[in-house]
Every structure is written in structure tokens, then in C-alpha cells.
Amino acid sequence: MAKRSTEIKSESRSVAERLLAWYDVHARVLPWRARPGMLADPYAVWLSEIMLQQTTVAAVGPYFRKFLARWPSVAALAAASIDDVMREWAGLGYYSRARNLHACAVAVASEHGGEFPDTEEGLRSLPGIGPYTAAAIAAIAFGRRATVVDGNVERVVSRLFSIETPLPASKPEIRAKADTLTPDERAGDFAQAMMDLGATICTPKRPSCNRCPIASLCSAHAAGIEETLPRRLAKKERPVRRGACFVLIRADGAMLLRKRPAKGLLGGMMEVPTTPWDGAEIDETALLSHAPAKLPWRRVPGLVEHTFTHFHLQLAVFKAKASAKAARDAEGIWVSTDELGGEALPSLMRKVVDHAMPDLGPLFGKR
DNA sequence: GAAGCGTGGGT
DNA sequence: TACCCAAGCTT
């Protein structure tokens, strides 16, 4: 028994040593990252980790740079208005992250003297920081030994130990294995090495085992089953919901927008006035009962289609010129067309504007 | 534990 | 093309 325990420990150390040596040479250069062996700025680590939740490095890059340039410190971000933060976040998705980001900055500034807590427990108590993010910040910014488990680590560990129990039931086992692998020193570099490995070599499809520094230790590779792991429970199918948006244009060219409720889908973001979205077929008469004003609406041919995580959406688009009464009485704010790009419009609503006003040129990329 | 919550890039 | 799914958190 004692011998077996020693073997496991020896093998675990070998994984960490190999990964750290690999990381020293192959670490990806990312704007929020310190060089291997160094600790990174907690603010930059926190900001990047929130943005990276369920979001690719490529998508985060421009947003991280914009945020850091505009708000170089947690104090600066705490002093910003929530509306400015939502505008800057527009297009990145999962908008509760932006609200929690600002709330977290305010909490750090007002309750922690402007310094992030340096323990997992302290970090975990802040809005938007869950188990993964708390461990990542503690390890990467503060040099704590913390077990960092994200989707990459789940995949790498599932393969390394041939864990055939499907996710999410296997999470406790994966976490326990990841904990045995985590070294006492350089836990942050180890975590980033695992994530780099998962992102560039131990990929979901067609992993590049020939370039993997721990392939010789990998149980799934030895068995030739690496591509079948990790197993997952079958996903539910995506229902279709339908509705309509109403593009109302004032005589001076301004467009009517509304702010969505703070919570729920696209919470706190701006929208082109819209019907509720449900499973009913497109019925123009029924949809028009939700219009922001009684006007001669004209249907814009075609549909705007957009896929969310849990449903697919088809939107009809109606367009009208605002009467003097409508311009006076309609609920919402009027935005000139050249200021639309700076509004907190989620990607769906940018598609709606593009569909209704193709002459404006795409709102995407104009920010 | 399960559902709700965005988006764009890769295959 | 039509999926798949990414450095998850909250309720």
C-alpha cells in the first residue's frame, strides 16, 4: 500500500514537472498573462478570467484591451457608470457577467480597500467569482496552491485517467485527480499550462497527441480512446421561438430603443422594441398588437435568425416612420443612427438594425 | 442537479 | 451546412 501511494505521488509529480517545463517554452503570449515564473496583476487576471468564462481567447482579446485602456484599475472601474460598462461589454455575451463585474469592482473598492482578496474563500464571496475563477485568481495572481478546474482541465484529466463516467457526474472525480496533480509551487503556471494544453493540443476533436508532453502518461491515449473522452450526457434539443421587432424612425432619422429589464435574457441591454418571443407561428396581425405605436408598419422582407444557448429565435422586422404623436409618446430613447454603434446593443439587436437599415452598413465592427 | 444565460469561430 | 462548444456563475 505504501509503495503504491509512492508511485502515484511520483507519477503526479512527473505530470506537473513535464507540463511546467513545456509551459516554460510554449506558453501562449496573452495580454493579461505574466511570463512563466512570474505573478500577474490581480486586476488584469480577474478582468480576463471574467471575460473568458465560456468565451474564447480570440473573442476576449479586443474587449480586454478596451476595458484596460479605459479603466486601468479596479478603482477606475468601480467609479464607472454601469451603463458605460454595459456599452463596452456589448457583443461579448452573458451580460450578467458585466453587471457582476461592476458590482465586484465596487465591492473591492469599498469593502477591501481597493485590493482583491488573496484567498480562494475571500475571492469566492465576490459577485461573479465562482469556484473556477476564485482558484484561478488565487493561483495565477497570488501564487496560492489552488486546484483550478475548467473545461480544458476536465478534458485533459478525463483523458489522462480514462475517466469514462459522463460529465457532469464525473466532476468530483476529475477535481480529486486534478488536486493530486497540482504542485505546491507554481500552481498558477501549472493551471495555465493545463489550459494551454487543452486549448492547443488536447483539443476536443483530433487531439495532437504527437506533440503532447504527457502523452506517454495518458491512459486514454494508450487505449486509443482519447477522442471519445470526456463523455457527456446527451444535450437537449433547441426549441424555436418567434417574434417581431419594430424599427421606428423619427423625422430627424433617430431610432427608438428601449432598455431591457435588468435580469434575465440580455438583461440591462438596449433593444429595438420587440414582442414577447414564444413558439407561435409568425402572425403579422397578432405581432402588430405589440407595436410601440399605432402606425402603418411595413414588413421588412425576410427574418432575423439568432441562436441562443437554449433556443433558436426567428424575428420578423417591421419598420415605420414616427408620426409627431408617436415621436412624442413612444416609450424609450431616440438614438441617432451614427450613435447606434456606441449603444449597449447585443449582437441580436445589431442584426435587427442591419436587417432593417442595410444602408447604414453593418454595426458589427464599428465599435 | 438542472435550467437559464450569448456569441463567434472551428469543423 | 449544421452542429459543437469555450478559461462558468447564479438560482
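Two residues are in contact here if their C-beta atoms, placed from the backbone, lie within 7 Å. By that yardstick, and among contacts in chain A between residues at least 6 apart in sequence, 66% join residues at least 24 apart. The model is a predicted one, and the picture below starts with the overall build of the chain before moving on to its core and the DNA strands.

Chain A has 367 residues, and 36% of them count as buried. Its secondary structure adds up to 15 helices and six strands. Taken along the principal axes, the C-alpha atoms fill a box of roughly 85 × 45 × 30 Å.

The chain splits into two parts: domain 1 runs over 2-228 and domain 2 over 240-360. Taken over C-alpha atoms, the centres of domain 1 and domain 2 are 38 Å apart. Where the two meet, eight residues of domain 1 are in contact with 10 residues of domain 2. On the domain 1 side, the elements giving two or more residues are α5 (82-89) and α6 (96-111), and α5 gives the most, with three residues. Sorted by class, this side of domain 1 has three nonpolar, two polar and three charged residues.

A UniProt annotation, from an unreviewed entry, marks residues 51-200 as "domain: HhH-GPD". That span is 65% helix and 0% strand, and its end C-alpha atoms lie 19 Å apart.

Now for the inside of the protein. The largest nonpolar core has 95 residues, and those with the most contacts inside it are L19, I137, A139, A191, M194, V317 and V352. Helix α8 (residues 131-142) gives the most to this core, namely nine residues. The core also draws at least three residues from each of domain 1 and domain 2. A139 makes a handy close-up: leaving aside neighbours within four places in sequence, this residue is in contact with R144, A146, V148, A187, G188 and A191.

Helix α9 is another mostly covered piece, with nine of its 10 residues buried. The buried set is a mixed bag of names: N152, V153, E154, R155, V156, V157, S158, R159 and L160. These residues pack against α10 (171-181), α11 and α12 (219-223). After α9 comes S162, whose phi is positive, near 50°.

Next come the DNA strands. Around DNA strand C there are 25 residues, the closest being L52, G130, T133, G151 and N152. The elements that give two or more residues to this surface are α2 (42-52), α8, α9 (151-160) and α11 (187-200). So what does α8 do elsewhere in the model? As noted, α8 gives the most to the largest nonpolar core. N152, one of the residues closest to DNA strand C, is also among the buried residues of α9. By class, the surface near DNA strand C has 11 nonpolar, 11 polar and three charged residues.

DNA strand B has 22 residues around it, and the closest are G93, L265, T309, P346 and S347. Here the elements with two or more residues on the surface are α3 (57-70), β4 (298-307) and α15 (347-356). The residues of this surface divide into 10 nonpolar, 11 polar and one charged.

Definitions and conventions. Residues are numbered from 1 along each chain as its sequence is written. Chains are lettered from A and ligands numbered from 1 in the order in which they are written. This is a predicted model: local features need pLDDT of at least 70, side-chain atom pairs count only at pLDDT 80 or more; totals for chains, interfaces and linings use all residues. A nonpolar core is a set of buried Ala, Val, Leu, Ile, Met, Phe, Trp, Tyr and Cys residues joined through C-beta atoms within 7 Å. A residue is buried if 20 or more other C-beta atoms lie within 10 Å of its own, exposed if 12 or fewer, and partly exposed in between; C-beta atoms are placed from the backbone. Helices (H or I, at least four residues) and strands (E, at least two) are DSSP runs, numbered from the N terminus. Domain bounds come from an automatic or database domain assignment. A residue is near a molecule or strand if its C-beta atom, placed from the backbone, lies within 6 Å of it. Ala, Val, Leu, Ile, Met, Phe, Trp, Tyr, Cys and Pro count as nonpolar, Asp, Glu, Lys and Arg as charged, and the others, Gly among them, as polar. UniProt positions are given in the numbering used here, feature names are shortened, and annotations may be inferred rather than shown by experiment.
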